[in-house]
Amino acid sequence: MKHFLSFADVSDLNHLITSGIEAKRNPFADETLGKHKTIGLMFFNSSLRTRISTQKAATNLGLNVIVMNVGQDSWGLEMEEGVVMNGTKAEHVKEAAAIMGRYCNIIAIRSFAELEDRDKDYAEMVFQQFKKYAEVPIVNLESATRHPLQSLADCITIEEFRIKERPKVVLTWLPHFKALPQAVANSFCEWMNPMNVELVITHPEGYDLDPKFVGKGQVIYDQDKALEGADFVYGKNWSSYTHYGQVLTQDPSWMITEAKMALTDTGKFMHCLPLRRNMKVADEVLDGPRSLVIEQAANREWSAQAVLKEILLGLNA
Ligand code: AN0
Ligand code: CP
């Protein structure tokens, strides 16, 4: 594996899932693979899980880790080419990426959607610029349109908890007052498509995702109907893709409660976290036996380890 930006960089999903599960059983089996190599983690946005799990996974593989909060620890970065830099950004990505590429053997980046200009967000400029100028493998720690390390952890979690050969997996939109990106939902769909699952997506009208990510997922606008017989309920809020970045409704009836979970086939509840309790999901679900959110978050370490291992094998080859 060279870069890890999206599912397109994965040649064998089953191998990656198995590698994650093996890392969980034996975290230090490859503890010398990253020896004398450095990974830089660059955060343009906040993080708890991604920051710590990726750092931990890299350490398990013997990598040195540098973590940087862009714009706080370092200078603000200009991404556009040919501009007069008379604004707040003190450094251009051309220099910053080239220099980071000299210090680091792998660069991992988190840079969320700004939710103002859809074409701009979906062009993924930050990642394209780092890929172009850093000349080392780039790892996606959540970009404007995707969160693939989360999706791999989700695949691992579903693999661990599936009872049926082909479980029904329902991605449901949840109510929230803030505009959040589509990245987690997009990516979840992108990774569920090749899995042996029945993928159903439910959300209010106006919240349709980019069809490129939906793939063979079935869209049902009636949440109760969609939840019928579900084995896994995957909750997430996202802002509108068509009315880009807008919050069209905060309808509280979309919150996941025990009554909603009762419609499923003793389904399990998943969410990438962070989440606001009793806005998106009721305490009774999160604190009850159906919630997988802690297991799911713990699996972020193993998804990161599986990906970093593939990249290191590529670098060492
Ligand atoms: C982010 C999002 O929705 O993309 C990160 C999720 C992992 N969530 C928030 O900003 C609350
Ligand atoms: N799920 C996830 O990526 O969490 P953080 O934003 O805390 O990293």
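Trainee: At which residue does α12 bend?
Mentor: This is a predicted model, in which local features need pLDDT of at least 70, side-chain atom pairs count only at pLDDT 80 or more, and totals for chains, interfaces and linings use all residues, while side-chain values use heavy atoms and leave out hydrogens and water. Residues are numbered from 1 along each chain as its sequence is written, and chains are lettered from A and ligands numbered from 1 in the order in which they are written. The bend at a residue is the angle between axes fitted to the seven residues ending there and the seven starting there. For α12 this angle is about 25°, and the residue is arginine 300.

Trainee: How far does helix α12 reach from its first C-alpha to its last?
Mentor: Helices (H or I, at least four residues) and strands (E, at least two) are DSSP runs numbered from the N terminus, and α12 covers residues 293-316, 24 residues in total. The expected span is 1.5 Å times one less than the number of residues, which gives 34 Å for α12. The reach in the model is close to that, at 35 Å.

Trainee: Which polar side chain of the shell around ligand 2 lies 2.8 Å from an oxygen atom of the ligand?
Mentor: The shell, with a heavy atom of each residue within 4 Å of the ligand, includes Leu48, His147, Cys272 and Arg300. Polar contacts are pairs of N or O atoms within 3.5 Å; within protein, one must be able to donate a hydrogen and the other to accept it, and residues adjacent in sequence count only if both atoms are side-chain atoms. A backbone N or O atom of leucine 48 lies 2.7 Å from an oxygen atom of ligand 2, and the side chain of arginine 300, where α12 bends, has an N or O atom 3.0 Å from one. The side chain at 2.8 Å is that of histidine 147.

Trainee: Which charged residue has a side-chain N or O atom 2.6 Å from an oxygen atom of ligand 1?
Mentor: Among the residues around ligand 1 are Glu142, His147, Lys236 and Leu273. Lysine 236 has a polar side-chain atom 2.7 Å from an oxygen atom of ligand 1, whereas the distance of 2.6 Å belongs to glutamate 142.

Trainee: Which strands are the edges of the open sheet of 5 strands?
Mentor: Two strands pair if DSSP finds at least two bridges between them, and the sheet has the order β9-β8-β7-β10-β11 with parallel pairing. Within the sheet, β7 (168-173) and β10 (232-236) pair over 5 bridges, with threonine 172 opposite glycine 235. Each edge strand pairs on one side only, and these strands are β9 (218-219) and β11 (268-270).

Trainee: Is the peptide bond from leucine 273 to proline 274 cis or trans?
Mentor: Most peptide bonds are trans. Proline 274 is in the loop between β11 and α11 (283-286), and the bond leading to this proline has omega near 5°, so it is cis.
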